[in-house]
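Reader: Hello! I am new to this structure and would love a close look at a single part of it, the nonpolar core and what surrounds it. Could you walk me through it slowly?

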Amino acid sequence: MKTVISYSLILILLLSACKDSADRPKGTGCFILGGCEDTDYDLDNIYFRLSFYIDGKYLFYQTGTMNKSEISKDYIITVEDVFTLCGRVEYDDSPVYASIRFIPDPRDSMMPSVIVDTDERGAFCTMLKGGRYSILISPYKQDTIPQLVRDVELSEDISDLTISYPKDDIRLIYGSVILDTKSGIPVEGINVVAFRQISNDIILKSNISTTDTNGSFSLVIPDSKADFSLMLSGSQMNPDWPNITFKDIITESVIQLQAISLGSIPPSRQITGNVAMDERAKIIATMKTDSMSYTKSFTTDTGGYFETNLREGTYDIVIAPEDIYNSIWSISQFKDIKIPDTTTYKFSLDRKTTLKGRIISGGNSHTPQIHLSRMSGCRDAGDNIQLDTSILPDSDGYFSTYLSQGMYRIVIDSDDPTGTPIVSNPLCIETDMDLGEIQLPNSAQLNGKIENKLGLPLSDIRLEILLKQKSTQEFVPIISMTINKESFSVPIPNLDGLQ
Amino acid sequence: MTKLPQEGTSSMLFYRLLQNIYLRYTIAMAVLILNSTYCVDLPDIRVLEASNRPPVIDKSTLLPSSPIVKIDSSCKRDFSFSQTTELDIDDVLYVRWYVDYEYVKNYQKSSVIPAPSKKSITRGGDSFTLDLRNSILPNKSRGSLHTVEVIVSDRPFMIDSTVSPVFKAIEEGGNYDYISWTVMQLEDCY
């Protein structure tokens with residue numbers, strides 16, 4: 001009797017232990033670091049991007065939005081309206097070797113554009129979802145052949161789309177570049193290109209002509225009427241020139257441009273200075289005006305000393321230690337630095353800040369990981385330095401790291417294939433920060449299937465789950481999983497569980 | 001016919017002892033042991049520990065799958081591998097991504113892949129977003145070629161940034177796997 005009771009007690013204990021681990025909440029519902037109440041992410045919808053190869057060679061994307069009320073149901077992603085588009089590109093009856101970009105109209109910012117190469121006969125083939133597309137053709141021989149834009153409506157298979165550069169709707173423009181009007185000395189090795197902004201995504205460009213020993217250039221513009229702007233920049237032969245833009249100077253009637261003088265470009269000055277650190281640093285100096293932008297990068301020696309030439313003007317300067325991850329010094333910005341100045345330039349960098357916190361396991365035995373993405377500097381100071389690093393906490397869940405000041409996105413996840421990450425809003429980290437105790441959130445499960453209505457041979461099917469940032473309309477991928485051809489089950493943020 | 005020693009002599013006593021089968025075995029074993037220990041030059045046999053096996057990136061999970069990649073006016077592209085194999089299951093894997101290492105002698109992303117919490121020789125991968133507008137990168141004009149590389153190592157990368165190749169050198173005994181892509185820039189990314 002005593003033995004029976006003992007065994008029963010052990011059995012009950014075992015069962016209760018199993019029940020405990022199954023029912024124990026893994027974390028909170030909110031998956032936004034800092035709370036779900038005040039966030040810039042759209043928490044009413046989940047966005048997805050499905051990608052797969054058709055026939056093992058055509059990469060295909062399909063996107064969609066799911067309201068949180070739809071998540072509990074089986075979700076069906078239908079693959080239909082997929083059409084073949086084949087054709088060729090010609091210029092003066094000769095084939096064009098080019099990259100062709102298909103841009104959906106209207107633009108879907110979740111959808112990467114499809115890029116296809118022509119072969120040596122100028123022929124191409126791809127598979128696209130039905131709809132309207134802008135096609136941007138970028139020839140590889142960009143010194144002589146301009147870009148071209150065409151539109152296509154795809155509602156059935158097209159096997160012989162011929163895209164020809166028009167013979168009559170094209171302009172030849174000639175010009176020259178001189179050092180200044182007084183001397184009239186021609187400048188060799190300046191890249192000249194004409195361009196026109198057609199939409200947010202498309203800038204149509206002429207060929208890129210490099211000035212010869214006479215300073216001469218010639219441009220082919222694939223449009224006989226519209227106004228085009230002109231951009232001059234340095235080339236490998238003559239690199240130290242700013243990008244200079246002349247807005248809309250190529251009008252319908254222009255054939256020969258007047259000699260373009262570089263006399264207004266400020267002269268170079270030699271400068272010396274010091275960054276107060278005992279290691280090498282990279283200096284990025286940028287000067288911008290309405291018509292000109294000039295950026296120069298150079299490095300200090302191991303004692304922080306530098307000596308270089310910069311054109312006269314007012315600069316924003318970003319200094320980063322060369323050993324950008326391990327140095328104690330932070331990426332630092334200095335605004336409105338005048339070149340030349342009477343004093344020697346002296347820069348002192350800020351020290352990095354400390355970011356720390358603790359991840360609470362909540363009974364979850366999976367290994368957590370902290371991903372830190374620096375997106376830019378905290379404020380608009382021309383610092384567009386992006387860095388990514390990921391670290392592991394110690395066995396008690398504590399983590400601590402040094403970071404350059406800047407705008408960060410923090411994502412904490414684990415190797416639990418059924419779990420979802422906790423994501424921060426973009427955070428300006430300027431001073432030491434303690435994120436406190438963080439618990440990985442509960443996840444929901446999205447179950448569904450792919451309905452391949454056309455019976456296409458699909459492979460490498462991948463489903464990405466994205467969050468949408470409302471202010472920027474940007475999409476942030478948070479889950480990416482390979483799924484099989486028929487059905488899928490992927491973890492997603494538990495939007496339904498949010499209060 | 002074999003000549004036996006005479007009874008009562010010491011030789012006979014020894015002969016009788018040899019007749020005892022157990023004693024014969026004992027002596028044979030002792031001779032063998034002595035012989036093997038002192039007379040034969042035995043090779044130095046040791047139980048070898050399994051040497052460090054390299055991590056292997058599962059090439060079928062590479063994205064983009066093509067080694068040549070085009071980047072449009074978005075100036076951004078994601079690169080990833082979603083699975084690695086590491087036979088030494090307790091090894092932490094260290095990942096570094098490089099862009100145009102020839103010019104930027106540094107890495108653009110550092111990451112770790114922890115030892116799996118459930119014993120397994122396969123584990124996850126890593127991803128990297130190349131943004132050609134990143135001001136740390138040179139060559140932002142249309143037509144530029146770039147190289148994206150990833151190294152997965154089973155030992156940490158050297159902390160000493162003077163050891164060549166800088167930021168690529170791995171601590172002694174480490175093994176690694178490596179992938180690279182060539183990126184062609186179709187539009188300006190200033």
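Author: Happily; what follows starts at the core and then moves outward through the strands, the sheets and the contact between the chains.

Please keep in mind that this is a predicted model.

Let us begin with the largest nonpolar core, which has 48 residues. The members that touch the most other members are Ile283(A), Val318(A), Ile319(A) and Ala320(A), together with Leu130(B) and Val152(B). As you can see from those names, residues of chain A and of chain B are both among them. Which strands supply at least two residues each to this core? From chain A they are strand E22 (281-288), strand E24 (305-311) and strand E25 (313-321). From chain B they are strand E3 (76-81), strand E5 (93-99), strand E8 (126-131), strand E9 (145-153) and strand E10 (176-185). E5(B) gives the largest share, six residues.

It helps to pick one residue and look around it, and Leu130(B) is a good choice, being one of those that touch the most other core members. Leaving aside residues up to four places away in sequence, Leu130(B) touches Lys76(B), Arg77(B) and Phe79(B), and also Val99(B), Val148(B) and Val183(B). Apart from this core there is another one, of 31 residues, and Phe31(A), Tyr408(A), Val490(A) and Ile492(A) are among them.

Now for the chain B side of the picture. Chain B holds two helices and 10 strands. Following its sequence, you would read the pattern α-α-β-β-β-β-β-β-β-β-β-β. Of the 190 residues in chain B, 28% are buried. Among contacts in chain B with a separation of 6 or more, 70% are between residues 24 or more positions apart.

Back in chain A, we can follow E22(A), one of the strands that supply the core. E22(A) and E23(A) make a hairpin, with three residues between them. The two strands run antiparallel and are joined by seven bridges. To find one of these places on the model, look for Thr286(A), whose bridge partner in E23(A) is Thr295(A). Strand E23 (residues 292-299) of chain A also has two bridges to strand E19 (residues 243-250) of chain A, again in an antiparallel arrangement. There, Asn243(A) has Ser293(A) in E23(A) as its bridge partner.

Another strand that supplies the core, E24(A), leads us to a small group of strands. This is an open sheet of three strands in chain A, in the order E24-E21-E27, with mixed pairing. E24 and strand E27 (345-347) of chain A are at the edges with a single partner strand each, so one side of each has no neighbour in the sheet. On average, neighbouring strands here are turned by 35° against each other, direction ignored. Strand E21 (residues 268-275) of chain A pairs with E27(A) in the parallel sense, over three bridges. In that pair, Val275(A) stands opposite Phe347(A).

How is chain A divided? Its domains are domain 1 (171-261), domain 2 (268-347) and domain 3 (353-443). Taken over C-alpha atoms, the centres of domain 1 and domain 3 of chain A are 47 Å apart.

Next, the place where the chains touch. The contact involves 30 residues from chain A and 26 residues from chain B. On the chain A side, strand E7 (98-104) and strand E30 (387-391) each supply at least two residues. E30(A) provides the largest share of that side, four residues. Sorted by class, the chain A side has 16 polar, eight nonpolar and six charged residues. E30(A) also pairs across the chains: two bridges join it to strand E6 (residues 109-113) of chain B, and the two run parallel. Here you can look for Thr389(A), which stands opposite Ser110(B) in E6(B).

One more sheet rounds off the tour of chain A. Its four strands form an open sheet in the order E3-E2-E37-E38, with antiparallel pairing. The edges are strand E3 (58-67) and strand E38 (474-482) of chain A, each pairing on one side only. From one strand to the next, the twist averages 25°. Strand E2 (residues 45-54) and strand E37 (residues 458-469) of chain A pair over seven bridges in the antiparallel sense, and Leu50(A) has Leu463(A) in E37(A) as its bridge partner.

Terms used: Residues are numbered from 1 along each chain as its sequence is written. Chains are lettered from A and ligands numbered from 1 in the order in which they are written. This is a predicted model: local features need pLDDT of at least 70, side-chain atom pairs count only at pLDDT 80 or more; totals for chains, interfaces and linings use all residues. A nonpolar core is a set of buried Ala, Val, Leu, Ile, Met, Phe, Trp, Tyr and Cys residues joined through C-beta atoms within 7 Å. A residue is buried if 20 or more other C-beta atoms lie within 10 Å of its own, exposed if 12 or fewer, and partly exposed in between; C-beta atoms are placed from the backbone. Two residues are in contact if their C-beta atoms, placed from the backbone, lie within 7 Å. Domain bounds come from an automatic or database domain assignment. Two strands pair if DSSP finds at least two bridges between them. Axes are lines fitted to C-alpha atoms, for helices over the stretch in contact, and angles run from 0 to 180 degrees between N-to-C directions. Ala, Val, Leu, Ile, Met, Phe, Trp, Tyr, Cys and Pro count as nonpolar, Asp, Glu, Lys and Arg as charged, and the others, Gly among them, as polar.
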